[in-house]
Amino acid sequence: MMMMMLRLLKWGGVVQEVFDKDRFKADDKMGHASLSLQPLISVARLRHIVRVSSGETTLRKVLPDPENCVSRESTISCIDGEVVQSVWLRLCAVESGEIELKIKLIDPPGTNK
């Protein structure tokens, strides 16, 4: 498992490029996948409206369609006050392949939870 922290200045989406790891030559690009963050942002706003703060509550499902790289139904949940999405994305520009992402939206310091 690899953890990355991204600071987003515009709410749009994330593009993840995937490379293999070669020991004695350059790493090869294996493909890329993109994910819209709009559903995640909508759930973060909804969390404040419905005041979900403890336990685990599924607030939205994202289905695969031709407009996104989502390969399986994805859920966006509020887990102990944090908005989390677990999603499988199919790689584009490659014959086959998928990556699994778990995205957690962290409120910037100074915002109301």
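Biologist: What makes Asp 80 count as exposed?

Modeller: In this predicted model, its relative accessibility is 56%. The bar for exposed is over 50%, so Asp 80 clears it at 56%.

Biologist: And where does Asp 80 sit?

Modeller: Asp 80 belongs to the loop between β4 and β5. Those two strands make a hairpin with 2 residues between them.

Biologist: What is there to say about the phi of Asp 80?

Modeller: The angle is positive, about 50 degrees, and Asp 80 is not a glycine. Most residues other than glycine have a negative phi, so a positive value is worth pointing out.

Biologist: Which residue in the loop between β5 and β6 deserves a look?

Modeller: Try Ala 93, which has its place in that loop. Ala 93 isn't a glycine either, and its phi is positive, near 65 degrees.

Biologist: Is Ala 93 buried or exposed, and how do you know?

Modeller: The relative accessible area of Ala 93 is 73%. Exposed starts over 50%, so at 73% Ala 93 gets that label.

Biologist: Why is Asp 27 called partly exposed?

Modeller: Its relative accessible area comes to 38%. Buried needs under 20% and exposed needs over 50%, so 38% puts Asp 27 in between. You'll find Asp 27 in the loop between β1 and β2. Leaving out residues up to four places away in sequence, Asp 27 touches Phe 19, Asp 20, Lys 21 and Asp 22.

Biologist: On to the sheet, then. How do you know that β4 and β5 pair?

Modeller: Pairing takes at least two bridges, and β4 (residues 74-79) and β5 have 5, in the antiparallel sense. Thr 75, for instance, stands opposite Ser 86 in β5, and Ser 77 has Val 84 in β5 as its bridge partner.

Biologist: What makes β5 and β6 a pair?

Modeller: They share 8 bridges, again set antiparallel, against a requirement of at least two. Arg 90 stands opposite Glu 98 in β6.

Biologist: And how many bridges join β3 and β4?

Modeller: There are 6, in the antiparallel sense, so β3 and β4 meet the rule of at least two as well. Arg 60 faces Ile 76 in β4, while Val 62 has Ser 74 in β4 as its bridge partner.

Biologist: What order do the strands of the open sheet take?

Modeller: The 4 strands run β3-β4-β5-β6, with antiparallel pairing.

Biologist: What makes a strand an edge strand here?

Modeller: Pairing on one side only, and that holds for β3 (56-62) and β6. From one strand to the next, the twist averages 20 degrees.

Biologist: Where does the helix go?

Modeller: α1 lies across β3, β4, β5 and β6, and runs at about 160 degrees to β5. On a scale from 0 to 180 degrees between N-to-C directions, an angle of about 160 degrees means that α1 and β5 point in roughly opposite directions.

Biologist: Which elements build the whole protein?

Modeller: The chain runs β-β-α-β-β-β-β from the N terminus, which comes to 1 helix and 6 strands.

Biologist: What goes into the largest nonpolar core?

Modeller: It holds 21 residues, and Leu 40, Val 83, Leu 89 and Ile 99 have the most contacts inside it. The elements giving two or more residues to this core are β1 (13-19), β2 (29-36), α1 (38-50), β5 (82-90) and β6 (98-105).

Biologist: Why would such residues gather?

Modeller: In soluble globular proteins, nonpolar side chains tend to be buried together.

Biologist: Which residues does Leu 40 contact?

Modeller: Neighbours within four places in sequence aside, Leu 40 is in contact with Ile 76, Val 83, Val 84, Gln 85, Ile 103 and Leu 105.

Biologist: What share of the protein counts as buried?

Modeller: Of its 113 residues, 31% do, with under 20% relative accessible area as the bar. The protein exposes about 8400 Å², and carbon and sulfur atoms supply 53% of that.

Biologist: Last one: what makes the Asn 68 side chain and the backbone nitrogen of Val 70 a candidate for a polar contact?

Modeller: A polar atom of the Asn 68 side chain lies 3.1 Å from that nitrogen, and the limit is 3.5 Å, so the distance fits. Asn 68 is in the loop between β3 and β4. Its contacts, leaving aside neighbours within four places in sequence, are Val 62, Leu 63 and Arg 90.

Conventions. Residues are numbered from 1 along each chain as its sequence is written. This is a predicted model: local features need pLDDT of at least 70, side-chain atom pairs count only at pLDDT 80 or more; totals for chains, interfaces and linings use all residues. Side-chain values use heavy atoms; hydrogens and water are left out. A nonpolar core is a set of buried Ala, Val, Leu, Ile, Met, Phe, Trp, Tyr and Cys residues joined through side-chain atoms within 4.5 Å. Buried means under 20% relative accessible area, exposed over 50%, partly exposed in between (1.4 Å probe, protein chains only). Contact means heavy atoms within 4.5 Å. Accessible areas come from the Shrake-Rupley method with a 1.4 Å probe; for residues, only the protein chains shown count as cover. A polar contact is a pair of N or O atoms within 3.5 Å; within protein, one must be able to donate a hydrogen and the other to accept it, and residues adjacent in sequence count only if both atoms are side-chain atoms.
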